[in-house]
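Visitor: I am new to protein structures and would love a close look at one part of this one. Could you walk me through the stretch that comes ahead of the helix?

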Amino acid sequence: MTNICKLKFEVSVHVHDECADGLGEDLAKFLEESWFNGEDVLEVIYTGHDVVL
């Protein structure tokens, strides 16, 4: 039996603050498109960023 599992992870990058949201949205889209094989149900949602000082 399969279940829907929510995978949780963090990605840290060096990027200008004003570019962070665009990068996050692009990465979410890339992950969604890269993993879809016609059978998997995959949804990647970008939820924002935090600045690490």
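Guide: Happy to; we will start with the whole chain and then move in on that stretch. Please keep in mind that this is a predicted model. The protein chain has one helix and zero strands, and of its 53 residues, 6% are buried. About 5,600 Å² of the chain is exposed, with carbon and sulfur atoms supplying 55% of that area.

Now to the segment before helix 1, the helix that spans 17-35. Val15 sits in this segment. Is Val15 buried, partly exposed or exposed? Val15 counts as partly exposed, because its relative accessibility is 35% and that class runs between 20% and 50%. Val15 also belongs to a nonpolar surface patch of about 780 Å². Its partners in that patch are Leu7, Phe9, Val11, Val13, Leu23, Leu27 and Phe30.

Ser12 has its place in the segment before helix 1 too. With a relative accessible area of 69%, Ser12 is exposed, since anything over 50% earns that word. Ser12 also gives you a nice pair to find on screen: Val51 is 39 residues away from Ser12 in sequence, yet their C-alpha atoms are 9.6 Å apart in space.

Finally, have a look at two cysteines. Cys5 is exposed, at 61% relative accessible area, whereas Cys19 is partly exposed, at 39%. If you were wondering about disulfides, a search of the whole structure finds zero.

Terms used:
Residues are numbered from 1 along each chain as its sequence is written. This is a predicted model: local features need pLDDT of at least 70, side-chain atom pairs count only at pLDDT 80 or more; totals for chains, interfaces and linings use all residues. Side-chain values use heavy atoms; hydrogens and water are left out. A disulfide is a pair of cysteine sulfur atoms within 2.5 Å. Buried means under 20% relative accessible area, exposed over 50%, partly exposed in between (1.4 Å probe, protein chains only). Patches are made of residues with over 30% relative accessible area and no salt bridge: like charges are joined within 9 Å, nonpolar side chains (Val, Leu, Ile, Met, Phe, Trp, Tyr) within 5 Å. Accessible areas come from the Shrake-Rupley method with a 1.4 Å probe; for residues, only the protein chains shown count as cover. A salt bridge is a side-chain nitrogen of Lys or Arg within 4 Å of a carboxyl oxygen of Asp or Glu. Helices (H or I, at least four residues) and strands (E, at least two) are DSSP runs, numbered from the N terminus.
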